[in-house]
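Could you have a look at this one with me? I've jotted down a few points to read alongside the coordinates.

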Amino acid sequence: MIAQDFRNYLKRYYETSARRMRFPCTTIENFVHWQGEAHNQLTRLLAIGDLSQVPLEMTVHVEEDAGAYRIQKISYQTLPGIRVPAYLLTPRQDGSKSPTLLAPHGHGYGKEQLMSEDGAYHQYVRRFAEAGFVVLVPDQISFGERTETPGCSFEHEVLNMLGGTLIGYRLWDLARALDLLETLPQVDDTRIGCAGLSLGGEMTLYLAAHDPRVKVACIASFLTSFAGTFLKEPHCTCGYIPGMARDFEHADIAALIAPRPLMIQAGTQDPSFLVEDARATYEELAELYQMLGHTDRVALDTFDGGHEFYVEPAIEWFEKWFAI
Ligand SMILES: [Zn+2]
């Protein structure tokens, strides 16, 4: 039998041919020029350029008083005939507009997990609502009420055949969620942020990189590198985007968020998204933010924990930048 060494070939291919859109950290002018080109290329890779907006047609289905805030079960349209179920949490207000958080969930069972699970999420959406934030918690494609058999990998493959990407479609949904938030009377649309864990962190990364309406971001247990995660060991196929690692590393996608405030969270015991990889990416970004004159706008929050969301520093991060 002839020895096989294709994995090593792929590793060498990454080392010699990947990251073609690495961000420049030379001058502000060079960097801003790169941002324009990188944004265009990111949009091409996500393959969402030919989608068109449809009326949101938000409907409120159920309403519940949760004490410090109100929970509405809503839905809205993001693609023709496709409605996104979501929870909208609104703190008790005096009629003034509130800072707002969009909270995409991770790879699990959807919005209910963020609302009720103490484990990895520590119910951060409720904690933000208690702190005075409007919070929108949508189900992403393939999860929660949007689960279809056989699931996300199949939807990924079908979209792949049709020239799309599932991450791109999820991003499209989240951008429409921003459209929706901008229409709500309780939302201060100058203070909309996004925070998520794992796949929710991945979607926070792509959404904030793609859409400047996200003013502040917190990415938990995701922002490391493709080399240290998806290219090193198998993850669910629904997170794989054709061509992405050829052109961008995590740091390059995050560079599209600069100079907006970005918090990176990493647990020291996370077995898949390693804290040392998060630190290396943070250091690249810290150099960039320094070049841009905003060293305080990027932060690495490491904590003694696993693959989870660390709530208090995240709330403090948003309160700081939203001047609460
Ligand atoms: Zn998946």
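My notes start with the whole chain and then turn to one helix.

1. Bear in mind that this is a predicted model. The secondary structure of the chain amounts to eleven helices and nine strands.

2. Does the overall size look compact or extended? With 324 residues, a compact globule would have a radius of gyration near 20 Å, and the chain comes out at 19 Å, which agrees. Along the principal axes, the C-alpha atoms fill a box of roughly 65 × 45 × 40 Å.

3. On packing, 44% of the 324 residues count as buried. Among contacts with a separation of 6 or more, 70% are between residues 24 or more positions apart.

4. Now helix α10, residues 275–291. Its 17 residues at 1.5 Å each should span 24 Å, and the end C-alpha atoms are indeed 24 Å apart, so the expected and actual spans agree.

5. Which residues of α10 are buried? They are D277, A278, T281, Y282, E284, L285, L288 and Y289. Viewed down the helix axis, these fall within an arc of 160°, so they line one face of α10. That fits the general pattern: an α-helix has 3.6 residues a turn, so residues three or four places apart point the same way.

6. What does that face pack against? The buried residues of α10 pack against helix α9 (250–255) and two strands, β8 (262–267) and β9 (298–303). On the other side of α10, E276, E283 and Q290 are exposed.

7. One backbone detail to check by eye: G293, just after α10, has a positive phi of about 85°.

Conventions. Residues are numbered from 1 along each chain as its sequence is written. This is a predicted model: local features need pLDDT of at least 70, side-chain atom pairs count only at pLDDT 80 or more; totals for chains, interfaces and linings use all residues. Helices (H or I, at least four residues) and strands (E, at least two) are DSSP runs, numbered from the N terminus. The expected span of a helix is 1.5 Å times one less than its number of residues. A residue is buried if 20 or more other C-beta atoms lie within 10 Å of its own, exposed if 12 or fewer, and partly exposed in between; C-beta atoms are placed from the backbone. The arc is that of the directions from the helix axis to the C-beta atoms. Two residues are in contact if their C-beta atoms, placed from the backbone, lie within 7 Å. The radius of gyration is taken over C-alpha atoms; the globule rule is 2.2 Å times the number of residues to the power 0.38.
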